[in-house]
Amino acid sequence: MSDSQLARLTARVSDTSRMFGGRRRKRAAEKLAVLGTSEAMAVLADAFVNTTDPHVGEIARDALQGVREQDAIDAVADVAVTAGDERLANLLVEAGPAPSDPGRHAVVLFLAGEFDRYTDLDFDGSLLRGASAGAGEALRLRLAEQARAGGRLEWVRAVASGTAHQAGRVSDPEWGALVQTLMAARRWDELWRLALDAPVTRAAPVVASLGDVRWRPDGTAPGDYAELVRLATRARDSEVPATTRFGEKHLRSIAAPPVQAMAVTRDGRLLVTGSYRARGRLWSVSSGTTKREFGSQHMVTMTFTPDGKLLITGDMRGVIKLWNFPSGTLAGEYSHTMAKGNAVLARNLLTIVPSPDATLLATGGYGPNIQLWRLSSGTLTRTATLHADPLWVPCMAITPDGGMLVSGGQKGNLRLWKLPSGTPLRTLDGHTDHVGAVAVTPDGSLLASGGYDGTVRLWHLPSGEPAGVLTGHTSLIRALAMTPDGTLLASGGKDRVVRLWHLPSGEPAGELRGHRRGIIECMAVTPDGSMLASATTNGHMLWWTRRQSKLHALVRTPLSEVNPDEIRRSSHWSDEFSPAERAWFDLASALVKWRHRHDVELLDASYADQAASHDVELTDDDVPQRPAPQRRPNRPKRKRKGKR
């Protein structure tokens with residue numbers, strides 16, 4: 001079967017059309033099952049994980065249970081590992097043949113709960129450790145759930161070991177699983193090591209809990225450790241140093257031409273805006289004044305490459321322009337092929353997104369097509385054209401790993417595409433009207449979409465499973481923006497209210513009012529997260545700022561990476577600390593001093609030396625004895641003659 005035929009079946013197995021969608025999905029699944037190739041089985045495995053159609057799920061299950069070819073087994077295992085799906089892992093185990101890759105096999109057994117077989121395969125935990133290091137969010141969360149349910153200490157060591165100090169960087173669910181698993185096993189010494197490698201915000205409750213069970217590290221003075229527990233308990237019961245809400249510190253109102261697009265420079269000093277009525281403008285973030293103008297009118301979308309060296313703009317004529325930055329010189333000009341038959345709408349280029357490594361660019365606008373471009377040395381080369389939506393593609397986003405493209409369209413059309421190939425992955429159902437804006441969290445685990453139905457919807461990535469529906473807007477949504485840490489989402493549209501949402505929970509975080517006319521068309525957040533800019537079609541920009549705690553970064557940085565000099569610098573601001581900030585600063589200072597005073601070993605060394613409960617212990621008779629090395633007698637060094 002050709003690649004085009006496989007792509008057509010892949011698209012049809014996830015067809016969401018109301019009239020013939022069910023019939024098309026069933027026929028496509030049946031053809032894929034008959035085909036039986038590794039590519040077809042991979043598509044069916046993906047459908048088994050994500051489909052809501054019971055007929056497709058049943059066809060996929062029957063086909064996967066009969067898989068015997070090694071290539072097909074490996075293809076299905078890839079899907080199971082990527083999605084972290086327990087049901088698919090169980091199907092693989094029942095099918096019989098094992099994946100050829102030992103690491104994949106170990107993960108499949110662990111997901112399926114076959115812990116005895118897993119232990120026989122991965123007795124030292126190295127396979128699970130390697131899989132965890134490169135795993136996506138979905139797999140990591142599922143492994144955490146399985147480990148917590150089964151009390152698997154080998155998973156704890158796999159996650160908490162490594163030269164990158166993984167224990168300080170795991171997600172909140174993984175951290176919860178780590179602590180609960182070790183608490184249940186009464187591994188107090190391992191909890192202590194975790195606390196000394198984790199951020200202070202995570203260390204505080206762990207140290208306080210160790211004090212509650214009256215445990216203390218060997219070789220420590222009771223009084224010193226009791227004081228550390230007291231500081232940890234005080235910090236745990238205090239508010240974590242954070243930032244104020246947007247708008248509480250300052251609000252700046254700026255008169256401008258109608259604004260359709262905006263972007264912030266990498267250093268956060270300049271804001272760039274585009275308008276269909278005026279030339280592009282550069283604004284000073286500190287003063288709110290115009291620095292200079294550039295280009296021409298009709299700019300309706302713009303973005304910076306991640307390195308900040310290129311500004312890419314799109315206009316109402318479908319022209320893509322690359323600008324060297326900060327010089328503002330034109331580096332290149334290209335044309336996006338638009339829809340035919342509509343002389344007005346066919347000219348609008350609505351969205352441009354670059355990949356994180358700045359090697360790929362996706363463009364979309366009125367018309368059915370998304371175009372992919374290779375970006376190299378400041379030049380663009382068209383590589384693929386994707387048929388995305390019959391009417392338009394008003395918004396797109398690329399995941400932080402560069403492996404997936406998200407596109408929005410009419411009637412709730414929200415699609416996921418594999419990059420760089422452009423292969424369609426799945427369609428996400430939920431919005432009942434056009435999708436006007438999309439955004440992805442910095443860790444790539446969550447997608448937010450804003451619709452003309454007035455709702456913001458959250459989706460888990462890469463699975464595309466719904467994660468929540470956020471309501472509050474009274475009309476269509478045209479703009480979304482996220483803070484750099486991915487904890488806050490802003491949405492705006494026709495009701496002229498900027499609504500804020502906590503992520504990943506989706507709980508309301510407040511609303512910002514100030515726009516009187518027009519539609520909020522675009523928003524942007526500075527790289528440090530201190531300012532949120534919103535702009536409307538009537539030429540009104542509002543810049544909302546917030547106060548950031550000076551301890552915000554310190555208490556969220558793994559202790560293994562905190563330098564004592566940072567503590568000394570922070571102490572200079574101690575007179576400005578609130579009681580809660582003082583509690584957290586005192587604990588951070590004590591923990592950093594404790595690490596350096598007692599010469600604490602890092603987790604990658606300590607966990608590597610510990611034997612898991614299932615490890616084989618060798619006796620002295622089993623270990624080959626090496627002869628003791630002979631010591632050389634100390635001899636006085638001869639003095640060299642002559643010049644050095």
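Which residues are buried in α7? The legends below take up that helix and several other close-up views of this predicted model.

**Figure 1. Helix α7 is largely enclosed by the rest of the structure.** Gly103, His105, Ala106, Val107, Val108, Leu109, Phe110 and Leu111 are the buried residues of α7. The helix spans residues 102–111, and 8 of its 10 residues are buried, so it is largely enclosed by the rest of the structure. Glycine 113 comes just after α7 and takes a positive phi of about 75°. Leu111, a buried residue of α7, is also touched by glutamate 86.

**Figure 2. Glutamate 86 is partly exposed.** This residue lies in helix α6, which covers residues 86–95. Its relative accessibility is 29%. Buried means under 20% and exposed means over 50%, so glutamate 86 falls in between. Leaving out residues up to four places away in sequence, glutamate 86 touches Leu111, Arg142 and Gln146. Glutamate 86 and leucine 143 are 57 residues apart along the chain. Their C-alpha atoms are separated by 9.5 Å.

**Figure 3. Tryptophan 192 sits in the largest nonpolar core.** In soluble globular proteins, nonpolar side chains tend to be buried together. The largest nonpolar core here has 91 residues. Leu64, Leu88, Trp155, Trp192, Leu228 and Leu587 touch the most other members. Which residues does tryptophan 192 touch, not counting residues up to four places away in sequence? They are Val207, Leu210, Trp215, Pro217, Tyr225, Leu228 and Trp594. Leu228 is also one of the core residues that touch the most other members.

**Figure 4. Four antiparallel strands form the open sheet β6-β7-β8-β9.** The edge strands are β6, residues 299–304, and β9, residues 330–335. Each of these edge strands pairs on one side only. Neighbouring strands are turned by 20° against each other on average, direction ignored. Strand β8, residues 319–324, runs antiparallel to β9, and 5 bridges join the two. Leucine 322 has glycine 332 in β9 as its bridge partner.

The UniProt record, an unreviewed entry, carries the annotation "repeat: WD" for residues 301–333, 386–427, 428–469 and 470–511. Over residues 301–333, the chain is 61% strand and 0% helix. The end C-alpha atoms of that stretch are 15 Å apart.

**Figure 5. A second view shows the open sheet β10-β11-β12-β13.** This sheet has 4 strands, and their pairing is antiparallel. Which strands are at the edges? They are β10, residues 349–354, and β13, residues 379–387, and each pairs on one side only. From one strand to the next, the twist averages 25°. Strands β11, residues 360–365, and β12, residues 369–376, pair in the antiparallel sense over 5 bridges. Glutamine 371 in β12 is the bridge partner of threonine 363.

**Figure 6. Strand β19 is buried along its length, with 6 of its 6 residues buried.** The strand covers residues 446–451 and is largely enclosed by the rest of the structure. Leu446, Ala448 and Gly450 point one way from β19. Leu447, Ser449 and Gly451 point the other way.

Strands of a sheet pair through backbone hydrogen bonds, either parallel or antiparallel. Which sense does the pairing of β18 and β19 take, parallel or antiparallel? Strand β18, residues 435–440, pairs with β19 in the antiparallel sense over 5 bridges. Valine 438 stands opposite serine 449 in β19. The hairpin of β18 and β19 has 5 residues between the strands, and there glycine 444 takes a positive phi near 75°.

Strand β20, residues 456–460, also pairs with β19 in the antiparallel sense, over 5 bridges. Leucine 447 stands opposite tryptophan 459 in β20. In the hairpin of β19 and β20, there are 4 residues between the strands. Here glycine 454 takes a positive phi near 85°.

**Figure 7. Confidence varies between elements, with helix α18 lowest and strand β22 highest in mean pLDDT.** The mean pLDDT of the protein chain is 82. Of its residues, 86% reach 70 or more. Helix α18, residues 603–609, has a mean of 41. Strand β22, residues 477–482, has a mean of 96. Over residues 600–644, pLDDT stays under 50. The model has 40 contacts beyond four places in sequence for that stretch.

Notes. Residues numbered from 1 in each chain as written. Predicted model: local features only at pLDDT ≥ 70, side-chain atom pairs only at ≥ 80, totals over all residues. Heavy atoms only, no water. UniProt positions renumbered as here; feature names shortened; annotations may be inferred. Pairing = 2+ DSSP bridges. Axes fitted to C-alpha atoms, helices over the stretch in contact; angles between N-to-C directions. Core = buried A, V, L, I, M, F, W, Y, C linked by side-chain atoms within 4.5 Å. Buried < 20%, exposed > 50% of the residue type's maximum accessible area, 1.4 Å probe, protein only. Contact = heavy atoms within 4.5 Å. pLDDT = per-residue confidence, 0-100.
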